Amino acid sequence: MAVFVDTHCHLDAREFDADRAAMRERAAQRGVALCVIPAVAAFNFDTVRELAHVQGDAYALGIHPLCAGQAGPDDVERLDQALVEHRDDPRLVAVGEIGLDYFVDGLEPGRQEQLFEAQLKLARRHGLPVLLHVRRSVDQVLAALRRAGGGQAWKGIAHAFNGSEQQAQACIDLGLHLGFGGAVTFERALRLRRLAAGLPLSSLVLETDAPDIPPHWLYVTQEDRAQGRPQGRNEPAELPRIAHEIAALRGMSVDALAQATTANAMAALPGLGRLSSNRLQAG
């Protein structure tokens with residue numbers, strides 16, 4: 001069986017409250033050996049850490065740009081303290097989810113940028129990779145990384161990447177890997193599918209962003225939802241099917257894609273290598 005790493009999934013979300021253990025077991029049965037669970041704010045630092053330990057997965061700690069309006073200096077200090085407290089925890093693999101979002105209305109750019117740069121400094125101080133939110137903000141995220149990095153490369157992942165080929169190369173040049181998930185399964189996502197097909201294999205990692213960004217087979221239009229048809233729930237068990245579509249775009253086998261992207265995940269998030277190697281052995 002091919003072995004996969006879901007590098008970004010919010011498994012603490014309330015959508016999974018009713019069947020979280022069964023959901024994770026479904027993914028394991030389909031070859032998803034490890035999931036990386038990012039925090040979004042100080043209120044769920046403990047939640048994602050405890051969940052990663054219960055499930056045998058990994059986690060990241062950070063403050064999401066959509067939570068920037070509610071976050072204050074005390075929250076950045078709480079993040080710093082948590083990174084110190086759990087620095088010897090092998091399941092803590094990154095600072096994230098952090099970044100910038102210029103898509104959602106009502107978010108103050110200046111507050112987002114201040115919070116993001118403070119968290120980049122913490123990532124550097126603690127020697128951790130970053131899980132980056134880059135929605136409509138790739139250039140600004142790259143500029144902040146260059147400022148905070150002092151010209152040095154980064155480790156981490158540009159999550160749910162949907163930028164241009166030039167932006168993709170700029171991310172790669174800075175040391176980042178690019179996360180691809182359900183969005184690439186839509187035939188109308190022409191640019192994204194070209195990127196998934198043409199970028200160097202060494203730059204790709206897989207993700208679901210569960211329960212968000214459902215693949216096309218789970219997506220329900222707004223009109224159908226208005227008629228009472230529920231949106232399909234995205235979960236890590238969908239990752240092998242997403243991988244199948246990316247493998248088809250690249251003209252390669254799913255097994256080869258799984259092997260490469262698992263190795264890439266370990267390169268992007270070296271802390272994954274501290275976890276049990278048995279989780280990453282093919283069944």
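This is a short chat about pockets, cysteines and a few residues in a predicted model.

Reader: What should I know before I start?

Author: The model is predicted, so local features need pLDDT of at least 70 and side-chain atom pairs count only at pLDDT 80 or more, while totals for chains, interfaces and linings use all residues. Residues are numbered from 1 along each chain as its sequence is written, and side-chain values use heavy atoms, with hydrogens and water left out.

Reader: How much space lies in the largest pocket?

Author: About 1,100 Å³. A pocket here is an open set of points on a 1 Å grid over the protein atoms alone, where a 1.4 Å probe fits, with protein on both sides within 12 Å along at least five of seven lines. The volume is the space filled by probe spheres set on the points, which are joined across faces, edges and corners.

Reader: Which residues lie nearest its centre?

Author: Arg 135, Ala 160, Asn 162, Ala 183 and Ile 213, out of 37 that line the largest pocket. Lining residues have an atom within 4 Å of a point. Strand E5 (130-135), strand E7 (177-180) and helix H7 (190-198) each give two or more residues to that lining, and E5 gives the most, with three. Helices (H or I, at least four residues) and strands (E, at least two) are DSSP runs, numbered from the N terminus.

Reader: And by class, what is in the lining of the largest pocket?

Author: There are 17 nonpolar, 12 polar and eight charged residues. Ala, Val, Leu, Ile, Met, Phe, Trp, Tyr, Cys and Pro count as nonpolar, Asp, Glu, Lys and Arg as charged, and the others, Gly among them, as polar.

Reader: What about the second largest pocket?

Author: About 300 Å³ of space lies in the second largest pocket. Its lining includes His 10, Asp 12, Arg 14 and Glu 97, and divides into four nonpolar, three polar and five charged residues.

Reader: New topic. How many disulfides are there?

Author: Zero, in a search of the whole structure. A disulfide is a pair of cysteine sulfur atoms within 2.5 Å.

Reader: Why is Cys 35 not bonded to Cys 9?

Author: Because the sulfur of Cys 9, the closest cysteine sulfur to that of Cys 35, is 3.8 Å away, too far for a bond.

Reader: Is Cys 35 buried or exposed?

Author: Buried, at 0% relative accessibility. Buried means under 20% relative accessible area, exposed over 50%, and partly exposed in between (1.4 Å probe, protein chains only).

Reader: Which residues of helix H1 are buried?

Author: Arg 20, Met 23, Arg 24 and Ala 27, in a helix that covers residues 20-29. These four cover an arc of only 95° around the axis, so they are on the same side of H1. The arc is that of the directions from the helix axis to the C-beta atoms. An α-helix has 3.6 residues a turn, so residues three or four places apart point the same way.

Reader: What covers the buried residues of H1?

Author: Strand E2 (32-38) and helix H2 (45-55) are among the elements that do. The face turned away from the buried side carries the exposed residues Ala 21 and Gln 29.

Reader: Last one: what is Ala 268 in contact with?

Author: Leaving aside neighbours within four places in sequence, Ala 268 is in contact (heavy atoms within 4.5 Å) with Pro 129, Lys 155, Gly 156, Ile 157 and His 177. Ala 268 is in helix H10 and is buried, at 1% relative accessibility.
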